[in-house]
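User: Please take a close look at one part of this structure, the open sheet, and describe how its strands are arranged and what packs against them.

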Amino acid sequence: MEALLQVKGEDMTGELIQLVSFNLDHEEYGINVLKVREIIRMLNVTRVPNTPYYVEGVINLRGKVIPIISLRKKFNLAEADYDKRTRIMVMEVGGELMGFIVDEVSEVLRISEKEIQPPPPVVSSNIDQECMSGVINQAERLLVLLNLEKMFSLDEKMLFSSVTM
């Protein structure tokens with residue numbers, strides 16, 4: 001274990017965490033691997049009327065109906081066609097399972113908590129800063145770390161639980 005904490009001669013005594021990295025509109029994001037239940041290929045989504053614009057609908061996942069959220073729409077990014085790399089990341093948010101459509105799932109990263117920098121006060125992307133828990137700067141890439149618990153308002157969370165009833 002000590003060998004894992006020694007990287008390039010630095011003492012990385014911060015706790016190691018694992019992140020799943022994914023892409024949206026050519027930008028890279030990360031989410032704690034413990035939040036991710038599974039990653040599935042894009043399925044046919046059943047539309048549900050009178051839901052927010054970013055809710056694509058629902059799917060039946062092994063007998064459980066879960067809402068499907070387009071992260072592109074939620075973050076006000078340009079829409080894109082689904083392709084063979086498009087995935088649904090099934091995650092737990094506030095005790096409820098939800099699916100999030102992403103362009104592509106990249107990899108599982110192992111990083112030290114010390115590598116996570118606080119989000120800058122002014123963020124140039126369209127993501128609500130509240131749902132950003134940090135930024136990871138690794139060599140030639142920046143990865144935005146998301147906090148799903150802060151992505152939705154209380155009203156939105158209540159709506160999602162009523163959609164699946």
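Analyst: A good place to begin is the pairing of strand β12, residues 132-138, with β13, which is antiparallel and runs over six bridges. This is a predicted model. The two strands form a hairpin with two residues between them, and glutamine 138 has arginine 141 in β13 as its bridge partner. In the turn, alanine 139 has a positive phi of about 50 degrees.

The hairpin belongs to an open sheet of six strands, ordered β10-β3-β4-β13-β12-β11, with mixed pairing. Because β10 (104-112) and β11 (116-117) stand at the edges with a single partner strand each, one side of each has no neighbour in the sheet.

Strand β13 spans residues 141-146 and also pairs with β4, residues 27-32. Here the strands run parallel, and two bridges join them. Glycine 30 is placed opposite leucine 145 of β13 in this pairing. Towards the β10 edge, β3 (residues 16-24) is joined to β10 by eight bridges, in the antiparallel sense. Serine 21 stands opposite glutamate 107 of β10.

In general, strands of a sheet pair through backbone hydrogen bonds, in either parallel or antiparallel fashion. In a regular strand, side chains alternate between the two faces of the sheet.

The sheet strands also contribute to the packing. The largest nonpolar core has 25 residues, of which Phe22, Ile31, Phe100 and Leu146 touch the most other members. Two or more residues of this core come from each of β3, β4, β8 (87-93), β9 (96-102), β12 and β13. Apart from this core lies another, of nine residues, including Ile59, Ile88, Val90 and Leu97.

Leucine 146 can be followed further through its contacts. With neighbours within four places in sequence left aside, leucine 146 is in contact with Phe22, Tyr29, Gly30, Ile31, Phe75, Cys131, Ser133 and Met151. Two names in that list, Phe22 and Ile31, are also among the core residues that touch the most other members.

For the setting of the sheet, the protein chain has three helices and 13 strands. Buried residues account for 39% of its 165 residues. Among contacts in the chain with a separation of 6 or more, 56% are between residues 24 or more positions apart. The chain exposes about 9,800 Å², with carbon and sulfur atoms supplying 49% of that area.

How values were computed
Residues are numbered from 1 along each chain as its sequence is written. This is a predicted model: local features need pLDDT of at least 70, side-chain atom pairs count only at pLDDT 80 or more; totals for chains, interfaces and linings use all residues. Side-chain values use heavy atoms; hydrogens and water are left out. Two strands pair if DSSP finds at least two bridges between them. Helices (H or I, at least four residues) and strands (E, at least two) are DSSP runs, numbered from the N terminus. A nonpolar core is a set of buried Ala, Val, Leu, Ile, Met, Phe, Trp, Tyr and Cys residues joined through side-chain atoms within 4.5 Å. Buried means under 20% relative accessible area, exposed over 50%, partly exposed in between (1.4 Å probe, protein chains only). Contact means heavy atoms within 4.5 Å. Accessible areas come from the Shrake-Rupley method with a 1.4 Å probe; for residues, only the protein chains shown count as cover.
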